[in-house]
Amino acid sequence: MRTFLALCIVLFLGNGLYSQGCSKYYPMEEGTSFQYTNYNKKGKSDGTVDYTVADVSTDGAMTSATMLMKLKDNKGKEILQSDYKFSCSENVVRIDYQSLMSNQMLMQSQDGEMEISGNDIEIPNDLGVGQELADANVTVKLSMSGINMNMSVNMINRKVEKKESITTPAGTFDCFVLYSENETKVMMKQTFPSRIWLAEGVGMVKQESYNKNGKLMGSTQLTAFNK
């Protein structure tokens, strides 16, 4: 459960994809790969997430692709492999949360029933400072051995705060900074403010999560990018 919830949060906090003439921020070019390194509040590495864009297809104004993902711990041990689908049309990218259920996840819950639903994350091409963005959410309902459990992540109060240039191990990027509040509900509700640094042609370059008092809880940086 903990691993799956962490995966939902990682996906909400963003990974970047880009398609010429469709989305400036989401690279839908087959073979494009990214590596993100997660850091704890003390700045120590807490593992990596590798993404690869695969199976890109176009049908009229709609471009669709599959994102392959590998999650590893800080010792390089693979924790999870997964994939999910996303699409781009009318200059907006949408992540399909129905496709989050990988075969591995289904096998982990084969003795029960799992249902996932949500509202897609949208990132329009025409971002501007002060712009408000639509909310998004994902909910997981699990029934196993007579126990019912609901888990959810809601991304609310999304807005474009500013423009800023930042440097990571992958290079220096001019970014829009997107703020949001991420509500997680597993037994009890917690809210984690977050910022994402989003670069044209690359996607997410950096992400930071904070506690309710504004103190840094953890961060993610783009550490490798290949097209």
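**Notes on a predicted model: charges, pairs and odd backbone angles**

1. N157 is partly exposed, at 42% relative accessible area. This is a predicted model, so please read every value below as computed from its coordinates. N157 sits in strand β9, which covers residues 147-168. Its backbone is worth a look: phi is positive, at about 50°, although N157 is not a glycine.

2. Right beside that in my notes is R158, which also has its place in strand β9. R158 counts as buried, with just 5% relative accessibility. If you want a partner to view along with R158, try N182: the two are 24 residues apart in sequence, and their C-alpha atoms are 9.4 Å apart in space.

3. Where else does a residue other than glycine have a positive phi? At D55, with a value near 55°. D55 belongs to strand β2, residues 45-59. As for its surroundings, D55 is exposed, its relative accessible area being 54%.

4. On to the salt bridges. How many does a search of the whole structure find? Four. I'll go through three of them in the next points, starting with K227 and E29, whose closest N and O atoms are 3.6 Å apart. K227 is in the segment after β13, and E29 is in the loop between α1 (2-13) and β1 (33-40), so this pair ties together parts that lie 198 residues apart in sequence. On accessibility, K227 counts as exposed at 57%, while E29 counts as partly exposed at 33%.

5. Next come E164 and K162, whose side chains meet in a salt bridge at 3.3 Å, N to O. Buried or partly exposed, on the E164 side? Partly exposed, at 27% relative accessibility. K162 is partly exposed too, with a relative accessible area of 36%.

6. Then there is K206 with E208, a salt bridge in which the closest N and O atoms are 3.3 Å apart. K206 has a relative accessibility of 19%, and it counts as buried because the cut-off for that class is under 20%. E208 counts as buried as well, at 15%. I'd keep the K206 value in mind when describing this pair, given where the 20% limit falls.

7. Now the surface charge. Which residues gather in a patch of positive charge? K41, K42, K44 and K215. Of these, I looked further at K215, which lies in the loop between β12 (203-210) and β13 (216-226). K215 is exposed, with 58% relative accessible area.

8. One last side-chain pair, this time a polar contact. The side chains of T223 and T37 make such a contact at 3.0 Å. T223 has its place in strand β13. With a relative accessibility of 17%, T223 counts as buried.

9. To pull the β13 items together for your own viewing: T223 is in the strand itself, K215 is in the loop between β12 and β13, and K227 is in the segment after β13. Both of those lysines are on the exposed side of the classification, K215 at 58% and K227 at 57%, whereas T223 is buried. For β9, the pair to open is N157, partly exposed, and R158, buried.

Note on methods
Residues are numbered from 1 along each chain as its sequence is written. This is a predicted model: local features need pLDDT of at least 70, side-chain atom pairs count only at pLDDT 80 or more; totals for chains, interfaces and linings use all residues. Side-chain values use heavy atoms; hydrogens and water are left out. Patches are made of residues with over 30% relative accessible area and no salt bridge: like charges are joined within 9 Å, nonpolar side chains (Val, Leu, Ile, Met, Phe, Trp, Tyr) within 5 Å. Accessible areas come from the Shrake-Rupley method with a 1.4 Å probe; for residues, only the protein chains shown count as cover. Lys and Arg count as positive and Asp and Glu as negative; His and the chain ends are not counted. The place of a charge is taken as NZ of Lys, CZ of Arg, CG of Asp or CD of Glu. Helices (H or I, at least four residues) and strands (E, at least two) are DSSP runs, numbered from the N terminus. Buried means under 20% relative accessible area, exposed over 50%, partly exposed in between (1.4 Å probe, protein chains only). A polar contact is a pair of N or O atoms within 3.5 Å; within protein, one must be able to donate a hydrogen and the other to accept it, and residues adjacent in sequence count only if both atoms are side-chain atoms.
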